[in-house]
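I opened the notebook to record how the helices and the sheet of this model are arranged, and how far the prediction can be read.

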Amino acid sequence: MGSLVSCFSAAEETKRPPPPHRRSVLNAPPKAARGLGSSERWSKGRAGRKERAEEAMIHEQAAAAAEAAPALLAPQNGGVLPFDRSSSLRYPGHGQKKQALPRSSSSRARSFTDQVVQPQQLVNQDLKIDNLETNHFVLVHGGGFGAWCWYKTIALLEDSGFKVNAIDLTGSGIHSFDTNKITTLPEYVQPLTSFLESLGDGEKVILVGHDFGGACISYAMEMFPSKIAKAVFLCAAMLTSGQSTLDMFSQQADTNDLMQQAQIFVYANGNDHPPTAIDLNKSSLKELLFNQSPAKDVALALVSMRPIPFAPVLEKLSLTDKNYGSVRRFYIETTEDNALLISLQQNMCSSNPPERIFRLKGADHSPFFSKPQALNKLLIEISKITSPEAQ
């Protein structure tokens, strides 16, 4: 704070005007010509000019002090200023005096990544919630995650006027069920299917599935196609009928050593039985799932993630064109993903093409942490895409 004050002090240092011009003795009236009266008039005139010069100097000092006072006193008075401190500091051209205004309420220099305009202000300019097919998002987390991972997405979508629900699947998040006792995919997905079943007649939602949540929303699409307006696969398992999530991940087994290193199989029924869950090595999580995410979100994940039930990962989906195929699908790719490689994401989209494919550049496997604003913009864009029939 001291450096801040010294900076402002140097910028506002008052410039004293040059002293008033004084006549030299050589320019004084000759003695022969100076009577008593002329001497008094000359002295009074000189005194008047001096007083006026001093008065002008005092006036200029007072004006400069009044202008500098807010900047000099701000650190001592809790930063309360009579003007907006968020004003940017502008530097005048050459030859002009710099006007020193406080840069911001923080002494930190503005970063190039700081948000100046909130993205939701931009995407909402032409957003008319009432004209959408549905304004209701349902967010489904990936393996090991929980509803907690969507906290940024929930806030951004709600700020834009959407209704949002984030589901904790069985044994995930704050759901208290023992992960090792989950033996089927329907059991794991039950909180989602119960939620969809509770929706009123004619009520539709946009399902968003992340990671293993892609297989979960696919199962829900087959069960409740009339209640799902759109399905968004966010760097997720978008499977074909007869395929399991393990089948999909096996396609990158030879190229993703990091994934293999991070997996810890849990054998709750004994080593002579199949694994009951997959845990993740905490030391490998940042590089695997959060390589572009903020440290505070990584810390949240490290204390919140739970093991992934193994049996649902093995289960093959049974999907039909009549149900699953009737729901409009969209895919969001993540380019810096170390868990679900971009090549595998593209292979899934090639073998099971969605209606449209979007790409989040610079996003890791957890774009709700690494690219929350960009993700929010894409979700809103998807919500506005009308069906070909409507067009």
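Which residues in helix 5 meet which residues in helix 6? I found that L185, P186, Y188, V189, L192, T193 and L196 in helix 5 meet C216, I217, Y219 and A220 in helix 6, where contact means heavy atoms within 4.5 Å. The residues of this contact divide into 10 nonpolar, one polar and no charged (Ala, Val, Leu, Ile, Met, Phe, Trp, Tyr, Cys and Pro count as nonpolar, Asp, Glu, Lys and Arg as charged, and the others, Gly among them, as polar).

I noted that this is a predicted model, in which local features need pLDDT of at least 70 and side-chain atom pairs count only at pLDDT 80 or more, while totals for chains, interfaces and linings use all residues. Residues are numbered from 1 along each chain as its sequence is written, and side-chain values use heavy atoms, with hydrogens and water left out.

I looked up the confidence next: the mean pLDDT (the predictor's confidence in each residue, from 0 to 100) of the chain is 78, and 67% of its residues reach 70 or more. Over residues 1-44 the pLDDT is below 50, and this stretch has 26 contacts in the model beyond near neighbours in sequence. Where pLDDT is low, the predicted coordinates should not be read in detail.

I then turned to the open sheet, whose six strands (DSSP runs of E, at least two residues, numbered from the N terminus) have the order 2-1-3-4-8-9 with parallel pairing; two strands pair if DSSP finds at least two bridges between them. Strand 2 (163-167) and strand 9 (356-360) stand at the edges with a single partner strand each, so one side of each is left without a neighbour in the sheet.

How values were computed. Helix = DSSP H or I, 4+ residues; strand = E, 2+ residues; numbered from the N terminus.
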